[in-house]
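Open the model in your viewer and have the selection tool ready. Follow the stops below in order.

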Amino acid sequence: MSDRYIDFANSAFGHRLVSAIGLPSPVRLERWQAGRLRPIDGALLIGGGPLAQQVGELAKRLTDATYHYGNDPSLGTPWIPGHGPKLKAVVFDASDLVHTDQLKQLREFFQPLMKNLDHSPHLVILGRAPETIDQPFAASAQRALEGFSRSLAKELRDGGTLQLLYVGAGAEEQLEGALRFFLSPKSAFVSGQVVRLQACAAQVQDWSRPLAGRKALVTGAARGIGASIAETLARDGADVVLLDVPPAKADLEALAARLGGRSITLDICAADAAEQLIEQLPDGIDIVVHNAGITRDKTLANMTPEFWDAVLAVNLNAPQVLTQALLDSGTLHDEGRVILLASISGIAGNRGQTNYAASKAGLIGLAQAWAPLLQQRTISINAVAPGFIETQMTAHIPFALREAGRRMSSLGQGGLPQDVAEAVAWLAQPGSGAVTGQALRVCGQSVLGA
Ligand SMILES: NC(=O)c1ccc[n+]([C@@H]2O[C@H](COP(=O)([O-])OP(=O)(O)OC[C@H]3O[C@@H](n4cnc5c(N)ncnc54)[C@H](O)[C@@H]3O)[C@@H](O)[C@H]2O)c1
């Protein structure tokens, strides 16, 4: 469903009116267009500590306009505030900040560029995970990056986003995949996130088709976010298998045909769902996206057992049972990628959604608990937690709540199914085994649960 307020706020008259009376003024976010090759369409500024060198080396594959503060020509052309071009992307390596006193480098680096950012700029700060550092003051300095990043993300204007990546030992090899996502419009609706990268042997071979040769199953793929995930995985080269309930057969088959994929009509809660699924995947699967989900909202006082049971069965029990069966039968290959569609309701809680929020929090817990156990088979498992996304599910929310859901975020608008799909597609990549047991929010830095 379209957000008419954004159209209004971006018209000449609307822009003057909303500015005059102090209403939120969300901008149209720039999104990835099919056929585009370079992640960054404009100037990239690199600075900071030792990882900046590494980023400088891969930067030529991200953009043809790399700049830096200082005089190391290997990092690109020097950038002078007010004279250099507007910045489309920024990477600052803060991994060597180990004293409180050194944190001022954050202010010194970012302040001059805040008024020199292009439309929809994407910023990334690199650090080292505090829990991996023995020295308490150094760990504290690295933890300070989190407060700085989340706050600066809230100060960005014009569709800007900012993330903090904690780069583990040996994970430097996977920086390119992460930066291709976080510095490009693929992460248009992701902001204020903290993501930990660990070493991962697998690598993307071809950045134009990062999922080539991979087979992907998407549940709930007939419409909404699931359909967009299937499209995006297919765009990135995966062979897709689309699953949905029998009543959605026509839509499902039409989409599968368009994507050159296969369809499976199945209720994931059926008693024999696991056997049926395994039978229909004789060649196994590399990527499993548990997207199918339902809401049955009522306050707990009015919650029927049927509403409770239905939500927990579809949203939580089915992903658990099906994933376990795919693992036990060997259907899910080594280096597999499991992605669970959670929700920020599962983080923040939501009135009228005790059942839904319990199911979605359970998925986040599942990713955290299963990740270390699946590591031996180099399988990663993560949750993606969307905020307010414009779909049929959210079109049914009453008007006032819908408006609140859209505006209560740093980006001041709802996301699109494509935004969630891009995050899933990144986590599905071979090199994204670097991320596991985590929950990535795709919520425009919603204030809920932040
Ligand atoms: N739309 C949002 O704002 C939002 C926010 C947070 C999380 N999510 C989550 O994202 C996922 C997709 O949401 P959406 O908005 O596209 O929903 P949607 O209702 O548009 O689509 C859900 C799909 O799942 C399928 N499905 C439901 N029960 C099934 C079952 N038993 N077996 C097989 N398929 C089944 C439906 O037929 C439908 O095609 C859900 O898990 C949802 O909870 C959505």
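Start with the sheet in this predicted model. Select its seven strands: the sheet is open, and the order is 10-9-8-11-12-13-14. The pairing is parallel.

Which strands stand at the edges? Color strand 10 (262-265) and strand 14 (439-442). Each has a single partner strand, so one side of each is left without a neighbour in the sheet. Now look along the sheet. From one strand to the next, the twist averages 20°.

Next, select strand 12 (residues 332-341) and strand 13 (residues 380-386). The two run parallel and are joined by five bridges. Show Arg 337: opposite stands Ser 380 in strand 13.

Keep the sheet on screen and add helix 15 (residues 417-427). Helix 15 packs on the sheet and touches strand 11 (285-290), strand 12, strand 13 and strand 14. Compare directions: helix 15 makes about 155° with strand 14.

Now move to a helix pair. Select helix 7 (residues 224-235) and helix 8 (residues 249-259). Their axes come within 10 Å. The crossing angle is roughly 15°. Angles under 35 degrees count as roughly parallel, so helix 7 is roughly parallel to helix 8. The crossing is right-handed.

Show side chains at this contact. From helix 7, pick Ala 227, Ala 230, Glu 231 and Ala 234. From helix 8, pick Leu 255, Arg 258 and Leu 259. How do the residues of this contact divide? Five are nonpolar, two are charged and none is polar.

Notes: Residues are numbered from 1 along each chain as its sequence is written. This is a predicted model: local features need pLDDT of at least 70, side-chain atom pairs count only at pLDDT 80 or more; totals for chains, interfaces and linings use all residues. Side-chain values use heavy atoms; hydrogens and water are left out. Axes are lines fitted to C-alpha atoms, for helices over the stretch in contact, and angles run from 0 to 180 degrees between N-to-C directions. Helices (H or I, at least four residues) and strands (E, at least two) are DSSP runs, numbered from the N terminus. Angles under 35 degrees count as roughly parallel, over 145 as roughly antiparallel, 65 to 115 as roughly perpendicular and the rest as oblique. A crossing is left-handed if the near helix is turned anticlockwise from the far one by less than a right angle, and right-handed if clockwise. Contact means heavy atoms within 4.5 Å. Ala, Val, Leu, Ile, Met, Phe, Trp, Tyr, Cys and Pro count as nonpolar, Asp, Glu, Lys and Arg as charged, and the others, Gly among them, as polar. Two strands pair if DSSP finds at least two bridges between them.
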